[in-house]
Amino acid sequence: SPGKILNISGANGTGKTTLAKIILGILTPSNGEVFIDKTNILKLSSNWWKEQIGYVPQNTKLINSSIKDNILLANEKLNQQEVSRLLETVGLGDNLKKSNLSFTDAIQDNLSKGFKKKVHYARILSRNTQIYIFDEPFGDMDKNGKKMVMNLLMSLKKSNKTIICLTDDSLI
């Protein structure tokens, strides 16, 4: 439901990521059906459906380019100010100010997984979708990163977005 956070928790290997891929339309269920607002998702235009969902996978991947280019993959219409705002939202603004890295510099292999995941969060937020799926939202995050994720979840909830979190615990 919009404005709610659904937490699906379970041990590793129990199918949480598979469920996300079914909801996303990447996989087709071998049994049963998936309904969204009483409509089988197989009857929806797959392109339209994919535009409704923002997905942050457990293991995020970035293209070998700049932070800005990675964000623009999801929404090429953003201007520099909007990209900067997104980086602040996910807690990367201060990181960039303290480092020698700007958001137009190429992403380096030695960046932490948490840093890369924050870039992916910014990428997904740039699309302003109705549904968000987060696979292990706190994974690879330090204390400040976890706080940012929790604030983000509460903000999306307040904005009446549908939020699905897949976790190996029930922290949410």
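Helices and strands on this tour are DSSP runs, helices of at least four residues and strands of at least two, numbered from the N terminus. The model you have open is a predicted one.

**Two loops to begin with**

Select D37 first, which sits in the loop between strand 2 (35-36) and strand 3 (39-40). Its phi is near 50°, a positive value in a residue other than glycine, and D37 is exposed, with a relative accessible area of 74%. Then move to N160, in the loop between helix 7 and strand 6, where phi is near 65° and thus again positive in a residue other than glycine. N160 is partly exposed, its relative accessible area being 47%.

**The sheet**

Now select strands 1, 6, 5 and 4, which in that order form an open sheet with parallel pairing. Strand 1 (4-9) and strand 4 (53-56) are at the edges, and each has a single partner strand, so one side of each is left without a neighbour in the sheet. On average, neighbouring strands of this sheet are turned by 15° against each other, direction ignored.

Stay with strand 4 and add strand 5 (residues 131-135), to which strand 4 is joined by four bridges, the two running parallel. Within this pair, Y55 stands opposite I133, and the bridge partner of V56 is F134. In a regular strand, side chains alternate between the two faces of the sheet. Which residues of strand 4 are buried on each side? I53 and Y55 are buried on one side and G54 and V56 on the other, so that both faces of strand 4 are covered. To see a helix that lies across strand 4 and strand 5, select helix 6 (residues 113-125), which runs at about 180° to strand 4.

**The largest nonpolar core**

Next, colour I67, I71, L87, F115, Y121 and F134, which touch the most other members among the 32 residues of the largest nonpolar core. Helix 3 (67-72), helix 4 (80-89), helix 6, strand 5, helix 7 (143-158) and strand 6 (162-167) each contribute at least two residues to this core, and the largest share, six residues, comes from helix 6. With I71 selected and its neighbours within four places in sequence set aside, the residues in contact with I71 are L78, V83, L86, L87, V119, A122, R123 and S126. A second, separate core has 13 residues, among them A20, I22, I53 and I164.

**Helix 4**

Go on to helix 4, in which V83, L86 and L87 are buried. Why do they lie on the same side of helix 4? They cover an arc of only 100° around the axis, which puts them on the same side of helix 4. The buried residues of helix 4 pack against helix 3, helix 5 (93-98) and helix 6. At the start of helix 4, look for N79, which has a side-chain oxygen within 3.0 Å of the backbone nitrogen of Q81. Just after helix 4 comes G91, with a positive phi of about 85°.

**Helix 1**

Finish with helix 1 (residues 16-24), whose buried residues are K16, A20, I22, I23 and L24. To show what covers these buried residues, select elements including strand 1, helix 2 (46-51), strand 4, strand 5 and strand 6. Just after helix 1, G25 takes a positive phi of about 85°.

Terms used: Residues numbered from 1 in each chain as written. Predicted model: local features only at pLDDT ≥ 70, side-chain atom pairs only at ≥ 80, totals over all residues. Heavy atoms only, no water. Pairing = 2+ DSSP bridges. Axes fitted to C-alpha atoms, helices over the stretch in contact; angles between N-to-C directions. Contact = heavy atoms within 4.5 Å. Buried < 20%, exposed > 50% of the residue type's maximum accessible area, 1.4 Å probe, protein only. Core = buried A, V, L, I, M, F, W, Y, C linked by side-chain atoms within 4.5 Å. Arc of directions from axis to C-beta. Polar contact = N/O pair within 3.5 Å; in protein donor to acceptor, adjacent residues only side chain to side chain.
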